[in-house]
Amino acid sequence: MADGARPGRVQLSPPTPSRSPASGGLMPKGIPIENPQLCSVDGCERFELSRGLCSKHYQRFYRHGSTDMPTRKKAAPTPCSVDGCGRDAKARGLCDMHYKRLMRFGSTSLPRRAKKTPLAKPVLQKAAPKPRVKKPRGKKPAVRKAPVERAVRPPKPVNEYKAKKGQRIKSLTVLGQAEPFKNKAGVEHPQWRVQCICGKELIRIAQFVQRGQVSSCGCQTVPSRTWNETL
C-alpha cells in the first residue's frame, strides 16, 4: 500500500492509459493495478473490466447477447403491389411513382385528360399593301428657319430732350443743343453741349445727362484707394 492511502481501498490506475510491461496490453481507466487480467476473448489484448470481458466486448454482450461483431442483415426488397411494375416497394406496398399517384389522384392509374376542342380560327382579311415610296439617298437638305424679327424699342422723340439753356444737372450746366448721335442701327440720339464745374465743355447724350448717369467730366470721381492708403 502506498504512503498516505486509506486502508480498505484499492488504488486505481492514473487517468491516462498505460501499457503493462509483462503482457503488453492496454490499461484502461479505473482498473486495479494489482493482478490485472486480460479479456477472455481470444486475440483481445485489453484488460478485464467485468465478467472476464473488456469494455468493448462487455458492451457487445450486454446489447446483442454475444461478443462477436453483429452483422446487419438487409431485408429482401418487396416488389410493388401494382401488376406489371417491377420496382421495389417504398411505402404501403407501392413504389415511389405509384405512391405519389395515390396521394395526388387517389388511384395508382393515371387519370384521363379531357380532349381540348380546337377553337375556330378567325378569318383575317389582308389589308391592301401600301405603295412603296422611294426615299432620296444622301443627306437631308438643310431647312433654314425664317429669322425672327425682334421688336426694337423706338427712341423717344427729340422734343422730349430739348436743351434748356442754364439748366443745372449735378455738376453739369446745359449750354445748348448739339448734333444728334447716329448708331450702327441708324437710330439717332439727341446730344447736349454741357459745361462742367471745372470749366470744361463736353458733348454728351441727352438721355444719360438727364438721368444722371453722366454727372461730370471725370474730375469729380473719387480715385480708388490702394491697400497701403487704407491702413
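**Exercise 1. Pairing of strand 3 and strand 4**

Task: Find how strand 3 and strand 4 pair, and over how many bridges.

Solution:
- Strand 3 and strand 4 pair in the antiparallel sense, over 2 bridges. The model is a predicted one.
- Take a residue of strand 3. Ile169 has Leu172 in strand 4 as its bridge partner.
- Now look between the strands. This hairpin has 2 residues there, and Lys170 takes a positive phi near 55 degrees.

**Exercise 2. From one hairpin to the sheet**

Task: Work out the strand order of the open sheet, and say which strands are at its edges.

Solution:
- The sheet has 4 strands in the order 3-4-5-6, with antiparallel pairing.
- Its edge strands are strand 3 (168-169) and strand 6 (201-205), and each of them pairs on one side only.
- Next, follow strand 4 to strand 5. Strand 4 covers residues 172-182 and strand 5 covers residues 188-196. They run antiparallel and are joined by 8 bridges.
- Two positions help to trace this pairing. Ala178 stands opposite Gln191 in strand 5. Lys182 has Glu188 in strand 5 as its bridge partner.
- Finish at the turn. The hairpin of strand 4 and strand 5 has 5 residues between the strands. In that turn, Gly186 shows a positive phi of about 90 degrees.

**Exercise 3. The nonpolar core**

Task: List the residues of the largest nonpolar core, then find which element gives the most to this core.

Solution:
- The largest nonpolar core has 11 residues: Tyr161, Ile169, Leu172, Val174, Trp192, Val194, Cys196, Leu202, Ala206, Val209 and Val214.
- Sort them by element. Strand 4, strand 5 and helix 3 (206-211) each supply at least two residues of this core.
- Strand 5 gives the most, with 3 residues.
- Now centre the view on Leu172. Leave aside its neighbours within four places in sequence. Leu172 is then in contact with Gln167, Val194, Gln195, Cys196, Val209, Val214, Ser215, Ser216 and Cys217.
- Link this to the earlier pairing: Leu172 is the bridge partner of Ile169, and both residues belong to the core.

**Exercise 4. His57: buried or exposed?**

Task: Locate His57, decide whether His57 is buried or exposed, and name its contacts.

Solution:
- His57 is in helix 1, which spans residues 55-64.
- Its relative accessibility is 7%. The cut-off for buried is under 20%. His57 therefore counts as buried.
- Set aside neighbours within four places in sequence. His57 is then in contact with Cys39, Val41, Cys44 and Thr67.

**Exercise 5. Gly93 in a loop**

Task: Place Gly93 among the elements and find what Gly93 touches.

Solution:
- Gly93 is in the loop between helix 1 and helix 2 (96-105).
- Its relative accessible area is 32%, so Gly93 is partly exposed.
- Not counting residues up to four places away in sequence, Gly93 touches Pro79, Cys80 and Ser81.
- Take Pro79 from that list. Gly93 and Pro79 are 14 residues apart along the chain, and their C-alpha atoms are separated by 7.6 Å.

**Exercise 6. The salt bridge**

Task: Count the salt bridges in the whole structure, then describe the one that Lys100 forms.

Solution:
- The search finds 1 salt bridge.
- Side chains of opposite charge can pair when their charged atoms come close.
- Here Lys100 forms a salt bridge with Asp96, and the closest N and O atoms are 3.9 Å apart. The cut-off is 4 Å.
- Both residues lie in helix 2, 4 residues apart, which is about one turn of the helix.
- Compare their cover. Lys100 counts as exposed because its relative accessibility is 53%. Asp96 is partly exposed, at 40%.

**Exercise 7. The whole chain and its confidence**

Task: Summarise the chain, then say where confidence is lowest and where it is highest.

Solution:
- The chain has 4 helices and 6 strands. From the N terminus on, they run β-β-α-α-β-β-β-β-α-α.
- Of its 231 residues, 17% count as buried.
- The chain exposes about 21400 Å², and carbon and sulfur atoms supply 53% of that area.
- Turn to confidence. The mean pLDDT is 76, and 77% of the residues score at least 70.
- Confidence is lowest in strand 1 (residues 18-19), with a mean of 37, and highest in helix 2, at 91.
- Over residues 4-26, pLDDT stays under 50. The model has 32 contacts beyond four places in sequence for that stretch.

Methods
Residues numbered from 1 in each chain as written. Predicted model: local features only at pLDDT ≥ 70, side-chain atom pairs only at ≥ 80, totals over all residues. Heavy atoms only, no water. Pairing = 2+ DSSP bridges. Buried < 20%, exposed > 50% of the residue type's maximum accessible area, 1.4 Å probe, protein only. Contact = heavy atoms within 4.5 Å. Areas by Shrake-Rupley, 256 points an atom, 1.4 Å probe, with all protein chains shown as cover. Salt bridge = Lys/Arg side-chain N within 4 Å of Asp/Glu carboxyl O. pLDDT = per-residue confidence, 0-100. Core = buried A, V, L, I, M, F, W, Y, C linked by side-chain atoms within 4.5 Å.
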